[in-house]
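Work through the exercises below with the model open. Try each task before reading its solution.

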Amino acid sequence: MIRTKYIRPFILSAMAALLFSCATAPKTPSASGEDDSVIDIDAEEIPEGKIRREPKPIAVHATENQLEQEFKDKLKKVDLKVTSVPKMTSVEKAFYGKYIVTATDDAGAVSGLDITVTWPVGRAKGAITYSTAQLKTDAQGNAVFEPAVPKFAVKDKVTFYPTPVTSSASVVQASYALSVTAPYEVKSNLINYPGGVLYAYDFNENGNPTGNSFALLQALRNSNVNVGNSPVSDTSYFEKPVTDLYKATYDIVGKAYNFMVVAAFRYASPAQESDSGATVFLKAEITCVNMADGSVLLKKTITGSATDKNKWNAEQKCRKQLAEQVADAIIYGM
């Protein structure tokens, strides 16, 4: 009887502990991380006390960045226009005035628009190099650009366009499509008084010199460049190094001039003649030399062609057009 008295309380305590552990033990998750006690079946099959787990919605990502799309939509309404351009200047002389580009849309001025500007800043191995800067339109839609004092002669342009918000090809293309340009013209300071001396000759179709190029002399003078024909008239210098001609010219004029132009206007190919007219093809081989030290300032070949009712007329027209291009290259290239 005494043994039975102590066993019964022990059994009751054990049963109570077992029931308590079953009620409080955590549920073991499945390998997928889901609760195995929750069954996802049709509503009519869900047992009482179970919770239906709804599937998570699939995230759908936009195929194009929202910022890019908003930017492109904005550009469709914007109009850019260059409203102020400074006059041309010369090397080491500041531009008189500023560049102004204005942005508008249907509602009027567009303020706070980021604008990129590019402009020429130098030459490297014969190619023009450029710099860029960031501008922003003001309350009147204006963005102002004042370039630094130019250090070299050039005839090019300044370009303005809305700054792309990303490097996406479609965004960059949309920005460039809205670009506007303005002239950027800087004359060589060597064309200032006393100007230069010309050793420039015309050649016939047989390759022989026929006389000084009056067309080039006139083209430079029409551009207010003080020039005169070289005192050296021996055309054999075309077959020698330009240093020989420089020395011969310097011995006569010294530093009386800023520069010397050596130019040969030759036939690039035979003229084409027919019953309806003729076409002439010429090329100008030019070298510009600094009379102060004999250094080469510019070396270039320019080609051109012209058509007229006969060969003589076509040749004269071509020489005039080519001379104007050469004069331009001298003024903005030395």
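**Exercise 1. Place one residue of a strand opposite its partner.**
Task: which residue of β12 stands opposite Val197?

Solution. Val197 faces Gly228 in β12. Strands here are DSSP runs of E with at least two residues, helices are runs of H or I with at least four residues, and both are numbered from the N terminus. β10 and β12 (residues 227–229) pair in the parallel sense, over 3 bridges. Pairing requires that DSSP finds at least two bridges between the two strands.

Two notes on the model before going on. This is a predicted model: local features need pLDDT of at least 70, side-chain atom pairs count only at pLDDT 80 or more, and totals for chains, interfaces and linings use all residues. Residues are numbered from 1 along each chain as its sequence is written, and side-chain values use heavy atoms, with hydrogens and water left out.

**Exercise 2. Complete the surroundings of β10.**
Task: find the other partners of β10, then decide whether the strand is enclosed or open.

Solution.
- Step 1. β10 runs parallel to β13, joined by 7 bridges. Ala200 stands opposite Ala263 there.
- Step 2. β10 pairs with β11 (residues 209–212) in the antiparallel sense, over 3 bridges. Asp202 stands opposite Gly211.
- Step 3. The hairpin of β10 and β11 has 5 residues between the strands, and Gly207 takes a positive phi near 90°.
- Step 4. Sort the side chains. In a regular strand they alternate between the two faces of the sheet. Gly196, Leu198, Ala200 and Asp202 point one way from β10, while Val197, Tyr199, Tyr201 and Phe203 point the other way.
- Step 5. Check burial (buried is under 20% relative accessible area, exposed over 50%, partly exposed in between, with a 1.4 Å probe and protein chains only). In β10, 8 of the 8 residues are buried, so the strand is largely enclosed by the rest of the structure.

**Exercise 3. Trace the largest nonpolar core.**
Task: which residues touch the most other members of this core, and which element gives the most to it?

Solution.
- Step 1. Fix the term. A nonpolar core is a set of buried Ala, Val, Leu, Ile, Met, Phe, Trp, Tyr and Cys residues joined through side-chain atoms within 4.5 Å.
- Step 2. The largest core has 35 residues; Leu198, Leu216, Leu220, Phe259, Val261, Val326 and Ile330 touch the most other members.
- Step 3. Two or more residues each come from β10 (196–203), α4 (214–222), β13 (259–274), β14 (277–290), β15 (296–308) and α6. α6 gives the most, with 10 residues.
- Step 4. Look at Leu216. Its contacts (heavy atoms within 4.5 Å) include Leu198, Ala200, Val261, Phe265, Val326 and Ile330, not counting residues up to four places away in sequence.
- Step 5. A second, separate core of 28 residues includes Leu75, Leu80, Phe145 and Val171.

**Exercise 4. Describe the packing of α4 and α6.**
Task: what are the angle, the axis distance and the handedness of this pair?

Solution.
- Step 1. α4 and α6 pack at about 50°, with their axes 8 Å apart. Axes are lines fitted to C-alpha atoms, for helices over the stretch in contact, and angles run from 0 to 180 degrees between N-to-C directions.
- Step 2. Classify the angle. Under 35 degrees is roughly parallel, over 145 roughly antiparallel, 65 to 115 roughly perpendicular, and the rest oblique. The two helices, α4 and α6, are therefore oblique to each other.
- Step 3. Their crossing is right-handed. That label applies if the near helix is turned clockwise from the far one by less than a right angle, and left-handed if anticlockwise.
- Step 4. α4 makes the contact with Ala215, Leu216, Ala219 and Leu220; on α6, the residues include Arg319, Ala323, Val326 and Ile330.

**Exercise 5. Order the open sheet.**
Task: which strands stand at the edges of the 5-stranded open sheet?

Solution.
- Step 1. The order is β2-β9-β8-β5-β6, with mixed pairing.
- Step 2. β2 (89–90) and β6 (127–136) are the edges; each has a single partner strand, so one side of each lacks a neighbour in the sheet.
- Step 3. β5 (residues 114–124) and β8 (residues 154–162) run antiparallel, joined by 4 bridges. Ile115 has Pro162 as its bridge partner in β8.
- Step 4. Thr118 lies in β5. Thr118 counts as buried, at 16% relative accessibility.
- Step 5. Helix α6 (residues 311–333) lies across β5, β8 and β9 (180–187), at about 80° to β9.
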